[in-house]
Amino acid sequence: MKIKHLSLVLLTLVLVFGCSTKEKSGKPKIAVVVSTLNNPWFVMLAESAVENAKKLGYEAKIFDSQNNPAVESDNFENLISSGYDAILLNPTDSDGSISNVLKAKTAGIPVFCMDREINADDAATSQILSDNYSGCVAIGIEFVKELKEKGNYVEIIGLVGDNNTWARSGGFHSVVDKFPNLKMVAQQSGNFDRNNAMEVLETIMQANPNIDAVFCGNDAMAMGAFQALQAAGKANKVKIFGFDGASDVIEKIREKKIIATGMQFPKVMAQTAAQFADEYFKGRRIFPQRVPVEVELVNASNIKDY
Amino acid sequence: MKKKYAYVLGILIVAILGYKSVYFKKLDEVKNAQKENFNFKAYADSIYYKGILKNNNTISFNDLIASMKSNSEKAFKEHGNRLGIGNSAFFMIHSTGKIIDIKDGIYSIADEKNGIIYIDTKYIFGNAIRDASGLVKLTDFKTNSQFNKVSESLNDIIRDKVIPQVIKSVKIGDSISFTGAIKLSKKQNLFKDIIVTPSQIKLQ
């Protein structure tokens, strides 16, 4: 009877502690938490991060936050209890993601942000970010020159809660707003989504049929804008500007159907984040809080290089 | 009766979960939240008048080109400023020359040793001056947005105050000295069509 009770106590202990203790195998595990896998650009970022982590000898797995900070929070809870050793994060929200990063920090897990910035400089171990502002300053200058300093235009911004949205919009407006004959007739969010941007522009054009240009906060939305303009028979009249350097937009620049984009380097960001995680495991503790990655303007004059 | 309470409870739970699972932000709220109390204008004023104008760390354009041709890696390291990762860097240079053309804010300057160099007095935007000066560190500011506002205030001083004062008194044929930022890429090996974002122009 005593032996039976002892076995029951032991079994309970195994069940309780066996489930809550971190599983530690020999090889460190890296979690790649990405804002969404519905956009090819983020798929490339996530897959590239996994590939680089594996090349460095680590296990790596992708977690999709579906553009929702609550899902991201669940992901963090799961991967903390599953014993992951580092997180390469593409955040869903510049403010909403801070608590998730802090949760990992409290658990002793370093977080390296990729592409999207969080509004805190003491939460993530390091943030590797595209220099969106400078990239969009270059696009803004191109925009002013192409439109010869006058005309009506539409801006389709990305996710309202994402810093990249405002860095891009801010860089663009830091130039364009200095030219009073350029008039923004509408500014709306297309949530970085192709179909959403297409619908947004279709609605805007009902009230503003005479527009000369559209500036989109990413290339998926630029492609959506192109579709809307093509359906309205205005694709040759209205100038489109995007941001990302996606292959379909690069082709459209080659075909002279889109004017310009800003080339980002997701593979460089993913590689740097994985490299930082590797250095962290090997003992490095001091990292630059923010590492900007250069964005290059792509237009008709240099399209042959891309 | 019990069923009725169960339905009401169910609806309440669904409503609470629905309310908690989504949130909306107005564009105006987000924009207002981004406004800072920090006085960027005063800070930029101090960086420009006490820093950039008194900075002795500029390199002459002749010396930079010579240095690039002999050892570009060393030239990038010693004279360039690149924040983060990228192929290019900003350099703060000084030089002299004669104005041979003025078109849409672009001043073409004939430089005896290096051919023609262009000064763009119209598109003074972006981070060229801030980064080439090397006087402002990324870590001085909590977010990239604040860091970029330094550039905007700095550019406003140069584009709207400093340069208009000078260009109203210069004409084709005048000799000038100038200081400004240029961007060079590690991929480039030809130093033609160089465009300077000016920080200062002086009639000689």
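Start your tour in chain B, where a hairpin links strand 3 of chain B to strand 4 of chain B by way of three residues. Keep in mind as you go that this is a predicted model.

**Stop 1: the hairpin in chain B**

Select residues 106-111 for strand 3 of chain B and residues 115-120 for strand 4 of chain B; the two pair in the antiparallel sense over six bridges. To find one of the rungs, show A110(B), whose bridge partner in strand 4 of chain B is I116(B).

Now extend the selection to residues 195-203, which make up strand 6 of chain B. Here strand 4 of chain B has a parallel pairing with strand 6 of chain B, over two bridges. Where does Y118(B) find its bridge partner in strand 6 of chain B? Look at I195(B).

Before leaving this area, click on G105(B), in the loop between strand 2 (88-103) and strand 3 of chain B. If you set aside neighbours within four places in sequence, the contacts of G105(B) are I119(B), D120(B), T121(B) and K122(B). For a distance to display, try the C-alpha atoms of G105(B) and P164(B): they are 11 Å apart, with the two positions 59 residues apart along the chain.

**Stop 2: the six-stranded sheet of chain A**

Move over to chain A and colour the strands in the order 2-1-3-4-5-11; together they form an open sheet of six strands with parallel pairing. Strand 2 (59-64) and strand 11 of chain A are at the edges with a single partner strand each, so one side of each has no neighbour in the sheet. On average, and ignoring direction, neighbouring strands of this sheet are turned by 15° against each other.

Zoom in on strand 3 (residues 86-89) and strand 4 (residues 111-114) of chain A, a parallel pair with three bridges. I87(A) has V111(A) in strand 4 of chain A as its bridge partner. Then add helix 3 of chain A, residues 69-81, which packs on the sheet. Helix 3 touches strand 1 (29-34), strand 2, strand 3 and strand 4 of chain A, and its direction makes about 175° with that of strand 1 of chain A.

**Stop 3: the four-stranded sheet of chain A**

A second selection in chain A, with strand order 7-6-8-9, gives an open sheet of four strands, again with parallel pairing. Which strands are the edge strands? They are strand 7 (182-189) and strand 9 (239-241) of chain A, each of which pairs on one side only. From one strand to the next, the twist averages 20°.

Strand 6 of chain A covers residues 151-157 and pairs with strand 7 of chain A in the parallel sense over seven bridges. Show N152(A) here and you will find K183(A) of strand 7 standing opposite.

Two helices are worth adding to the view. Helix 6 of chain A lies across strand 6, strand 7 and strand 8 (213-216) of chain A, at about 165° to strand 6. Helix 7 of chain A, residues 194-207, also lies across strand 6, strand 7 and strand 8 of chain A, and runs at about 135° to strand 7.

Next, display the side chains of E146(A) and K239(A), which form a salt bridge with the closest N and O atoms 3.3 Å apart. Because E146(A) is in helix 5 of chain A and K239(A) in strand 9 of chain A, this pair ties together parts that lie 93 residues apart in sequence. Over all chains, the count is 20 salt bridges.

**Stop 4: where the two chains meet**

Finally, show both chains and select the interface: 33 residues of chain A are in contact with 31 residues of chain B. The two chains bury about 2,700 Å² between them, with 53% of it on carbon and sulfur atoms. Highlight Y133(A), R290(A) and E294(A), which supply 25% of the area that chain A buries against chain B, more than any other three residues.

How many salt bridges are there between chain A and chain B? The count is four. In one salt bridge between the chains, the side chains of D156(B) and K178(A) meet at 3.3 Å, N to O. There are also 14 residue pairs in polar contact between the chains, counting pairs with both residues at pLDDT 80 or more.

To see which elements of chain A are involved, colour helix 5 (132-146), helix 6 (163-176), helix 10 (266-281) and strand 11 (290-293); these give two or more residues to the side that touches chain B. Helix 5 of chain A contributes the largest share, six residues. Colour that side of chain A by class as a last step, and you will have 15 nonpolar, seven polar and eleven charged residues.

Definitions and conventions
Residues are numbered from 1 along each chain as its sequence is written. Chains are lettered from A and ligands numbered from 1 in the order in which they are written. This is a predicted model: local features need pLDDT of at least 70, side-chain atom pairs count only at pLDDT 80 or more; totals for chains, interfaces and linings use all residues. Side-chain values use heavy atoms; hydrogens and water are left out. Contact means heavy atoms within 4.5 Å. Buried area is the accessible area (1.4 Å probe) that two parts lose on being put together, summed over both. A polar contact is a pair of N or O atoms within 3.5 Å; within protein, one must be able to donate a hydrogen and the other to accept it, and residues adjacent in sequence count only if both atoms are side-chain atoms. Ala, Val, Leu, Ile, Met, Phe, Trp, Tyr, Cys and Pro count as nonpolar, Asp, Glu, Lys and Arg as charged, and the others, Gly among them, as polar. Two strands pair if DSSP finds at least two bridges between them. Axes are lines fitted to C-alpha atoms, for helices over the stretch in contact, and angles run from 0 to 180 degrees between N-to-C directions.
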